[in-house]
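Welcome! Keep the sequence and the 3D view open while you work through these exercises, and try each task before you read its solution.

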Amino acid sequence: MKTLFTSFVVGISVSFAAEISEADMAARKASVVTLETHLAQREKRLNEVVAEIRERGQATNAKIEELVKMLSDLKDSQDSKRRVSQVKGEAVAGLKRMIGVYQSERAKISGKLRDDPASAEALRADTKVIDDLIDKRAADIVELVKSMPGGEDVSKYEQDSETYYDGVYYENSRISEEWKQNRRDKVQSEKLRRETQQALEKAIEDLKRRQATLKTPLPESASSAEREIHEQELDRLSALLSRRNAQLIEVTLPSTAPEETASADEANDLKKLFSDARSDIAGDFNKTLQLYHAAAGEREKIAALNENLAARKLWLKEHNAADKKPE
């Protein structure tokens, strides 16, 4: 899209070169220098923002991975009942929300790719980063779900006491605490696995639908850039389908539960730790998202400045050439 200034300077006829005063010409040359300085400032700012995004992103990812590892290595005890499983469920829900934000941002970039092929390289780099983040968060969800203990073959009743009355032996029994905990584990595990399976099945159906749509041949008028984007998106969808199908199998098959159990006090401490960590991660995530939007804004400014600068240089070149023509 051409700026108003670009349209103006390009539209001026070279025949008016003789009417340009030396002072005006000098001012126009000075404006090029100023614009180059402005452009250098914006490029420097963009590099600073990108560096901060990278640093914050790495820190946030490390926090998430540390939290996922901690939760995946723990399971509930008879004392903690369902506290650890509940925290895992909350973590999975939070990761799903993050994926939703990533997907929303990616959809916006896809729209820009179609409308602004000139910025394709930078935009494709952004989509690659977002795709990697989505894959990491999906893998984290699978890891947490796999760590949920399933049901085991546990005896429901345990002997409470035994008595003899009139020479007859009586055995009193009650539902064992181990069986109760096993049932709690099974209910929580099945719920989280079912929800994750459904989410993965929906994702797979969406990917297949998008893949089928993209397999429709492009019109002959499509540019080479459009065709390249089209092929890359098809390759991406194919790879994603393979990964999501593999993850669906992972959360469907039985998995080994962690050996370490948490006491009631440990589970309570874990809930507090998770609450603080979740708040930190949410703050970092939102700040990184703001920085990403700032970087996108800087790219747009730089593109407009480059276009403006090219137009001014072209104007000067044409008018200098006109001045040198013999009368």
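Two residues are in contact when heavy atoms of theirs lie within 4.5 Å of each other. Keep in mind throughout that this is a predicted model.

**Exercise 1. The overall layout**

Find how many helices and strands the protein has, and the pattern they follow along the sequence.

Solution.
- Step 1: Count the elements; there are 7 helices and 4 strands.
- Step 2: Read them along the sequence, which gives α-α-β-α-α-β-β-α-α-β-α.
- Step 3: Turn to burial; of the 327 residues, 34% count as buried.
- Step 4: Look at the contacts with a separation of 6 or more; residues 24 or more positions apart account for 81% of them.

**Exercise 2. The nonpolar core**

Work out which residues touch the most other members of the largest nonpolar core, and which helix gives the most to this core.

Solution.
- Step 1: The largest nonpolar core has 56 residues, and Leu71 and Leu144 touch the most other members.
- Step 2: Next, see where the core comes from: helices H2 (22-72), H3 (83-115), H4, H5 (177-214), H6 and H7 (264-324) each supply at least two residues.
- Step 3: H7 gives the most, with 14 residues.
- Step 4: Now zoom in on Leu71. Setting aside neighbours within four places in sequence, Leu71 is in contact with Val87, Lys88, Ala91, Leu144, Ser147, Leu270 and Phe274.

**Exercise 3. Two helices side by side**

Decide whether H4 and H6 are roughly parallel or roughly antiparallel to each other.

Solution.
- Step 1: Identify the pair: H4 covers residues 120-146 and H6 covers residues 224-252.
- Step 2: Their axes come within 10 Å and cross at roughly 5°.
- Step 3: Angles under 35 degrees count as roughly parallel, and therefore H4 and H6 are roughly parallel to each other.
- Step 4: Inspect the contact. On the H4 side, the residues include Arg124, Asp131, Ile134 and Ala138, and they meet H6 residues including Glu228, Arg236, Leu240 and Arg244.
- Step 5: Sort the contact by class: 8 nonpolar, 2 polar and 9 charged residues.

**Exercise 4. Checking the length of H6**

Compare the expected span of H6 with the distance between its end C-alpha atoms.

Solution.
- Step 1: H6 has 29 residues, and at 1.5 Å a residue it should span 42 Å. The expected span uses one less than the number of residues.
- Step 2: The end C-alpha atoms of H6 are 42 Å apart, which agrees.
- Step 3: While you are here, look for the buried residues of H6; among them are Ile229, Glu233, Leu237, Leu240, Arg244 and Leu248.
- Step 4: Recall that an α-helix has 3.6 residues a turn, so residues three or four places apart point the same way.

**Exercise 5. Ile134 and Gln103**

Is Ile134 buried or exposed, and which residues does Ile134 contact?

Solution.
- Step 1: Place Ile134 in helix H4.
- Step 2: The relative accessible area of Ile134 is 8%. Buried means under 20%, so Ile134 is buried.
- Step 3: Leaving aside neighbours within four places in sequence, Ile134 is in contact with Ile99, Tyr102, Gln103 and Arg244.
- Step 4: Follow one of these partners, Gln103. Gln103 sits in helix H3 and, at 46% relative accessibility, counts as partly exposed.
- Step 5: The C-alpha atoms of Gln103 and Ile130 are separated by 7.9 Å, with their positions 27 residues apart along the chain.

**Exercise 6. Lys63 and Asp284**

Find which residues Lys63 touches, not counting residues up to four places away in sequence.

Solution.
- Step 1: Locate Lys63 in helix H2; at 35% relative accessibility, Lys63 counts as partly exposed.
- Step 2: Under that sequence limit, Lys63 touches Asp280, Ile281 and Asp284.
- Step 3: Move over to Asp284, which is found in helix H7 and is buried, with a relative accessible area of 17%.
- Step 4: Read the contacts from this side: leaving aside neighbours within four places in sequence, Asp284 is in contact with Arg56, Thr60 and Lys63.

**Exercise 7. An unusual angle to spot**

Find where Lys81 is placed and what its phi is near.

Solution.
- Step 1: Go to the loop between strand E1 (74-76) and H3, where Lys81 is placed.
- Step 2: Phi of Lys81 is near 55°, a positive value in a residue other than glycine.
- Step 3: With a relative accessible area of 39%, Lys81 is partly exposed.

Technical notes. Residues numbered from 1 in each chain as written. Predicted model: local features only at pLDDT ≥ 70, side-chain atom pairs only at ≥ 80, totals over all residues. Heavy atoms only, no water. Axes fitted to C-alpha atoms, helices over the stretch in contact; angles between N-to-C directions. Parallel < 35°, antiparallel > 145°, perpendicular 65-115°, else oblique. Nonpolar A, V, L, I, M, F, W, Y, C, P; charged D, E, K, R; others polar. Core = buried A, V, L, I, M, F, W, Y, C linked by side-chain atoms within 4.5 Å. Buried < 20%, exposed > 50% of the residue type's maximum accessible area, 1.4 Å probe, protein only.
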